[in-house]
Amino acid sequence: MKRTYSLRLRLTLIILVPLLFVAGATGLWQLNNARVTAGEVFDRSLQSAALAVANDVALSGGDALASSTRKILSDTSGGRVFYHVYAPDGVIVTGYATPPVGIPLAGDGDFSPVYFNAEYLGRDVRGFRMRTRMQVDDFSGLFTTTVWQDVAIRAAFVQDLMLRSLVTISSIITSLSLIVWFGIRIGLHPLNDLQQAIDLRSGEVLKPIQRPVPVEVEGIVRTLNRLLGQVSEAMATQSEFISNAAHQLRNPVAGVLALAESVRSAPNERAMRERAGDLVDAAKETSHLAQKLLTYERTKSISPASAQETFSVNELVDGVTRDFQGRNNGGPAISARMPDGDISVTGDRTMIREAVSNLVDNAMKHGGAGLSEITVALETAPEAATIVVRDDGQGLTEAQIQTALQRFGQVSERSDGSGLGLPIVERVAERHGGGLKLRGNDPGLEARFTIAR
C-alpha cells in the first residue's frame, strides 16, 4: 500500500495556514494602527507641552518654567522635548536659541496651530507651533511657542508596540497550534477504534462492524460492511459448492473407479467390452452431474453488470426447440408457439438458454410413459417475457413440485436426474428479475419461466 500523507498533519496545516494568514494580516493592520496611534499620542503630547510652556511664560514673564512643565519637557512620551518662545518682535524670550530648520512661516494674524516635520542638528524632528496673544513685561502681542521632539523616539515607541504585539500573536498562534495538534489527535481517536475493529476481522470472522463511528466515516464503514458481506457470501458460496461437489460426486466417481477396475480384471475380451460400455455410461453421467454443478454455481455470479446483452427471445426459444427436435429420435413431439412480434430482453443469453433447455429436458426425462407432446410457448407483457413449457405427461403433485424445486431434490427414487435442473432455472429467473412457477396441466405439467424485460 502506498503511503501518502498523515491525516493529522494535513488537518493541522489546513487549520493553521489560514490562521497564520489571518495573523499576518492582523500584524500588518496592527503595525499601521501603531503608527497612527503613536503619531496621535506624540502630537497631543507636543501640544500639551507647548500649552504648558506658553502658560509658564505668561505667568513668569519668561524667567522660569514650573517644575511640572520641566518634567513634561524632559520625558514627554518617553523622550526629551525642545522648545523656544519668541516675542512679537522676533526676540527669543526663553528656550533653545537654535530653531529647527523647516518650520512653516506664519502670516500676520494667523493663530492656527501647526504640526510640522523639520530637521534639528542633523536629526529629523516632529514639532508643534502655536501663537497666543499675551503680555510679558513691556511686550504685548502675538507670542510664538514652538516645541519639537526627535522622530527616532516615535520609531522606538512603534517598534516596542509591534514587538509586544508580535509576542502576543506568536503566543496565541503557538497555543492554537498545540491545541489543534493534540485536539486533532484526540478527535481522530475513533479512527483508531475503527482500525482495531477491522483488525479483529479475518478469513473466519467477517461480520459487519457495528460499533458507533463518526458521521464523516459512516460511508466508509457502510461500504466496508457491504464488501465484508460480499466476501462472506462468496466464501459461503464456495464452501457450499465444494460441499455439494464432494457429496454428489463421491458415489459416481467411486462407481467409475469400480467399473475401471472391473474392465482391467475382465476375464475375456467380450466381458471387457461390456464393462467398458458401462464405464463410458457412468463417466457420461458423472460428467453431466459435474456440468450441472458448475452451471448451478455460475448462476450465482449473474448480476446486472454481467448481464447486459440484448437479444431476441424468439430466436433463442426457436433455437432450443430445433436442437431437441434434431435429437428426438422418435420421442414426443416438440413444437414452439411464437407471438407475431419480436420480443427482446437484456440479460445473460447463455444462462437463459441453459434454463430453457433444462425445462425441455426435464419434461422429456420425467414426463413418463404417457408423454406424447411438449410445447414451448412465448408470452409477453409490458415489463416481462414468459417462456412456458407444457407437456402431457404424468405431471407432479404440489408436494412433488416443492421437492423438485429443492437443490438435489428427487421426486422418485428411480429418477436418474441430477436434482439441479429446476433449481438452476429458478435461480436464473430470479437473477433476471423474474421467477419460476410449476403447476399441474391436467394431464402433464406446465412450467412458467419469467424474466424482466
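Tutor: Start with a rule: two strands pair if DSSP finds at least two bridges between them. Strands are DSSP runs of E, at least two residues long, and helices are runs of H or I, at least four, numbered from the N terminus. This is a predicted model, where local features need pLDDT of at least 70, side-chain atom pairs need 80 or more, and totals for chains, interfaces and linings use all residues. Residues are numbered from 1 along each chain as its sequence is written, and side-chain values use heavy atoms, without hydrogens and water.

Student: How many helices and strands are there in the protein?

Tutor: The protein has 10 helices and 12 strands.

Student: What makes β4 and β5 (residues 139-150) a pair?

Tutor: 12 bridges join β4 to β5. The rule asks for at least two, so they pair. They run antiparallel. One bridge links R133 to L142 in β5. The two strands form a hairpin with 2 residues between them, and D137 in the turn has a positive phi of about 55 degrees.

Student: How do you know that β3 (residues 114-120) pairs with β4 (residues 123-136)?

Tutor: There are 7 bridges between β3 and β4, and at least two are needed, so these antiparallel strands pair. F116 has G127 in β4 as its bridge partner. This is a hairpin too, with 2 residues between the strands; L121 in its turn has a positive phi of about 55 degrees.

Student: Which share of the residues counts as buried?

Tutor: 35% of the 453 residues. Each of those is called buried because its relative accessible area is under 20%, with a 1.4 Å probe and protein chains only.

Key
Buried means under 20% relative accessible area, exposed over 50%, partly exposed in between (1.4 Å probe, protein chains only).
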